[in-house]
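Let's walk through this one together, starting with the overall layout and working down to single residues. Keep the viewer open as you read.

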Amino acid sequence: MEVGLVYSSKDPRQLKTRDFIKNFIKERGILANVIETDKPVKSPTVIVDGLALTDLRTKNRGKDAPLFPSLKEIAKALEMHAWCL
């Protein structure tokens with residue numbers, strides 16, 4: 001599995017997302033290549049096997065987190081792709 005993550009290390013919420021992904025993969029023993037890109041972005045982009053999780057959302061969750069994937073959504077996508085291999 002390949003996981004791409006574009007995030008800003010200056011945003012604690014985005015760092016939480018990064019840490020969640022890394023820990024989720026490690027704790028479950030999922031064989032994954034995590035490609036991280038740290039740059040100033042308003043919300044992180046998570047791409048699992050070529051599918052951007054933000055592409056799945058049609059409406060913003062709120063003004064503070066537009067198209068920001070929730071940890072629950074990220075976990076679901078990682079589980080789905082891990083079991084589909």
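In what order do the strands of the open sheet lie? The order is S2-S1-S3-S4, and the pairing in this sheet of 4 strands is mixed. Bear in mind that what you are looking at is a predicted model. S2 and S4 are the edge strands, each pairing on one side only.

Now step back to the chain itself. The protein chain has 2 helices and 4 strands, and from the N terminus on these elements run β-α-β-β-β-α. Of its 85 residues, 36% are buried. If you take the contacts between residues at least 6 apart in sequence, 70% of them join residues at least 24 apart.

Let's go across the sheet pair by pair. S1 and S2 run parallel and are joined by 6 bridges. One spot to find here is valine 6, whose bridge partner in S2 is threonine 37. H1 packs on the sheet, where it touches S1, S2 and S3, and its direction makes about 165° with that of S1. H2 packs on the sheet as well, touching S1, S3 and S4, with its direction at about 15° to that of S3.

On the other side of S1 comes S3. S1 and S3 pair in the antiparallel sense, over 4 bridges, and glycine 4 stands opposite isoleucine 47 in S3. S3 also runs antiparallel to S4 (residues 51–52), with 2 bridges joining them. Isoleucine 47 turns up here too, standing opposite alanine 52 in S4.

Which residues of S3 are on its covered face, and which on its uncovered one? Val46 and Val48 make up the covered face, while Thr45 and Ile47 make up the uncovered one. That fits a general habit: in a regular strand the side chains alternate between the two faces of the sheet.

The link between S3 and S4 deserves a look. The two strands form a hairpin with 2 residues between them, and aspartate 49 sits in that loop. Its phi is near 50°, a positive value in a residue other than glycine. For context, most residues other than glycine have a negative phi. Aspartate 49 is partly exposed, with a relative accessible area of 36%.

Next, the core. The largest nonpolar core has 15 residues, and those with the most contacts inside it are Met1, Val3, Ile21, Val46, Val48, Ile74 and Leu78. Strand S1 (2–7), helix H1 (12–28), strand S3 (45–48) and helix H2 (71–83) each give two or more residues to this core. H2 gives the most, with 4 residues. In soluble globular proteins, nonpolar side chains tend to be buried together.

Isoleucine 21 is a handy place to centre your view. Leaving out residues up to four places away in sequence, isoleucine 21 touches Val3, Leu5, Val46, Ile74 and Leu78.

How do the two helices meet? H1 and H2 pack at an angle of about 35°, with their axes 11 Å apart, and their crossing is right-handed. From H1, the residues Lys16, Thr17, Phe20, Ile21, Phe24 and Arg28 meet Leu71, Ile74, Ala75, Leu78 and Glu79 in H2. The residues of this contact divide into 7 nonpolar, 1 polar and 3 charged.

Two more residues round off the tour. Isoleucine 35 belongs to strand S2 (residues 33–38). Is isoleucine 35 buried or partly exposed? With a relative accessibility of 39%, isoleucine 35 counts as partly exposed, since buried would mean under 20%. Not counting residues up to four places away in sequence, isoleucine 35 touches Glu2, Val3, Gly4 and Leu5. Its C-alpha atom is separated by 6.1 Å from that of valine 3, though the two residues are 32 apart along the chain.

Serine 8, in the loop between S1 and H1, makes a good contrast to finish on. At 8% relative accessibility, serine 8 counts as buried, because that value falls under the 20% cut-off. Leaving aside neighbours within four places in sequence, serine 8 is in contact with Gln14, Asp38, Lys39, Pro40 and Val41.

Key
Residues are numbered from 1 along each chain as its sequence is written. This is a predicted model: local features need pLDDT of at least 70, side-chain atom pairs count only at pLDDT 80 or more; totals for chains, interfaces and linings use all residues. Side-chain values use heavy atoms; hydrogens and water are left out. A nonpolar core is a set of buried Ala, Val, Leu, Ile, Met, Phe, Trp, Tyr and Cys residues joined through side-chain atoms within 4.5 Å. Buried means under 20% relative accessible area, exposed over 50%, partly exposed in between (1.4 Å probe, protein chains only). Contact means heavy atoms within 4.5 Å. Two strands pair if DSSP finds at least two bridges between them. Axes are lines fitted to C-alpha atoms, for helices over the stretch in contact, and angles run from 0 to 180 degrees between N-to-C directions. A crossing is left-handed if the near helix is turned anticlockwise from the far one by less than a right angle, and right-handed if clockwise. Ala, Val, Leu, Ile, Met, Phe, Trp, Tyr, Cys and Pro count as nonpolar, Asp, Glu, Lys and Arg as charged, and the others, Gly among them, as polar.
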